[in-house]
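Please work through the following exercises with the sequence and the coordinates at hand. Each task is followed by a solution in steps.

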Amino acid sequence: MQETKKASLSIRIVCALSILIAALGAFIGSGALGGTPIAEAADGRLGADATLLAPGTGAFAIWSFIYTALVVYAIWQMTPRASMSPTQTRIRPLAAASAILNALWIFTVQLGFLALSVVVIVVLLVVLIEMFRRMLSPQQSRFELWLMAITFGPYLGWVSVATIANIAAWLSSMGVGNQAAWAPALACVLVVVAALIGAMTVLFSRGRVATALAMTWGIAWIGIGRSDGGLESPAVAMTAFGAAAALLLLVVVAGVKRIAKYRMEGATL
């Protein structure tokens, strides 16, 4: 059996500090401690009522959960178990890169560079997708598996929804408005596509549901945003609520099956 190579302390410290500093920078840049909130930056293009695909204001509370989980993950990098994990060796650079890209995205929005923000968030999405793929390795302790699931699952799910909203905001800034006759239909199609992507993450990962659960949250808040008296669109709202409900049902069924498998066979969740 091949001996697992221990990651150096310096590499783990660099990873942890990158995540902590980037998370702090993103938290400050978001306007949480004063300054311009993201919803008001870039001429309000990312506000809750700016486009048909903008999630309602409450949706962004998920960032607090994601930042907290990232901090816990960064601290865990200092443990002996993390230093010996083959999975961490594969995903550690991507974890640090994702935090840095997230902070960079916030600052590009604060500067009003919507086109650049789209590039950054797409790169962030690609990084998180690759992390998701690498995390499917069976060589993990139960704690490590749960920590990655509750950290990077919601992270990927929310960024997937945010990418669609960010692209819509950029198009809006170029004059592709919400008043076009075809805009609600296109928004409905994109909501359904987002839900299908969420479903694919469950199937591809054989029942891991954290990413799809976060996407359910984001899609449902698109429905709330289109029905709360701001930029209303009954068609988009109903499509979003229906897609979120269908995705949530899949999450529940997949979660129950995975728990049942664990109990019957002792499989790792």
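Helices are DSSP runs of H or I with at least four residues, numbered from the N terminus. The model is a predicted one.

**Exercise 1.** Determine what conformation Arg-206 takes just after H7.

*Solution.* The helix H7 covers residues 183-204. Just past H7, the phi angle of Arg-206 is positive, at about 60 degrees.

**Exercise 2.** Compare the expected span of H7 with the distance between its end C-alpha atoms.

*Solution.* Step 1: the expected span is 1.5 Å times one less than the number of residues. Step 2: for the 22 residues of H7 this gives 32 Å. Step 3: the end C-alpha atoms of H7 are 31 Å apart, which agrees with the expectation.

**Exercise 3.** Establish where the buried residues of H7 lie around its axis.

*Solution.* Step 1: count a residue as buried when its relative accessible area is under 20%. Step 2: the buried residues of H7 are Ala-183, Ala-187, Cys-188, Val-191, Ala-194, Ala-195, Gly-198, Ala-199, Thr-201 and Val-202. Step 3: viewed down the axis, these buried residues fall within an arc of 160 degrees, so they line one face of H7. Step 4: the face turned away from the buried side carries exposed residues, namely Leu-196, Met-200, Leu-203 and Phe-204.

**Exercise 4.** Identify elements that cover the buried residues of H1.

*Solution.* Step 1: H1 comprises residues 9-29. Step 2: its buried residues include Arg-12, Ile-19 and Gly-29. Step 3: the cover over the buried residues of H1 includes helices H2 (62-76), H3 (80-84) and H4 (86-110).

**Exercise 5.** Describe the largest nonpolar core and state which element gives the largest share of it.

*Solution.* Step 1: this core has 50 residues, and those with the most contacts inside it are Ile-19, Tyr-73, Trp-105, Phe-152, Tyr-155 and Val-159. Step 2: two or more residues each come from H1, H2, H4, H5 (114-134) and H6 (142-173). Step 3: H4 provides the largest share, ten residues. Step 4: apart from this core lies another, of 24 residues, among them Ala-168, Ile-219, Ala-240 and Leu-247.

**Exercise 6.** Characterise how H6 passes H8.

*Solution.* Step 1: the axes of H6 and H8 (residues 210-225) come within 7 Å and cross at roughly 35 degrees. Step 2: the crossing is right-handed. Step 3: the contact is made by residues including Gly-153, Gly-157 and Trp-158 of H6, and Ala-214, Gly-218 and Ile-222 of H8.

Notes
Residues are numbered from 1 along each chain as its sequence is written. This is a predicted model: local features need pLDDT of at least 70, side-chain atom pairs count only at pLDDT 80 or more; totals for chains, interfaces and linings use all residues. Side-chain values use heavy atoms; hydrogens and water are left out. Buried means under 20% relative accessible area, exposed over 50%, partly exposed in between (1.4 Å probe, protein chains only). The arc is that of the directions from the helix axis to the C-beta atoms. Contact means heavy atoms within 4.5 Å. A nonpolar core is a set of buried Ala, Val, Leu, Ile, Met, Phe, Trp, Tyr and Cys residues joined through side-chain atoms within 4.5 Å. Axes are lines fitted to C-alpha atoms, for helices over the stretch in contact, and angles run from 0 to 180 degrees between N-to-C directions. A crossing is left-handed if the near helix is turned anticlockwise from the far one by less than a right angle, and right-handed if clockwise.
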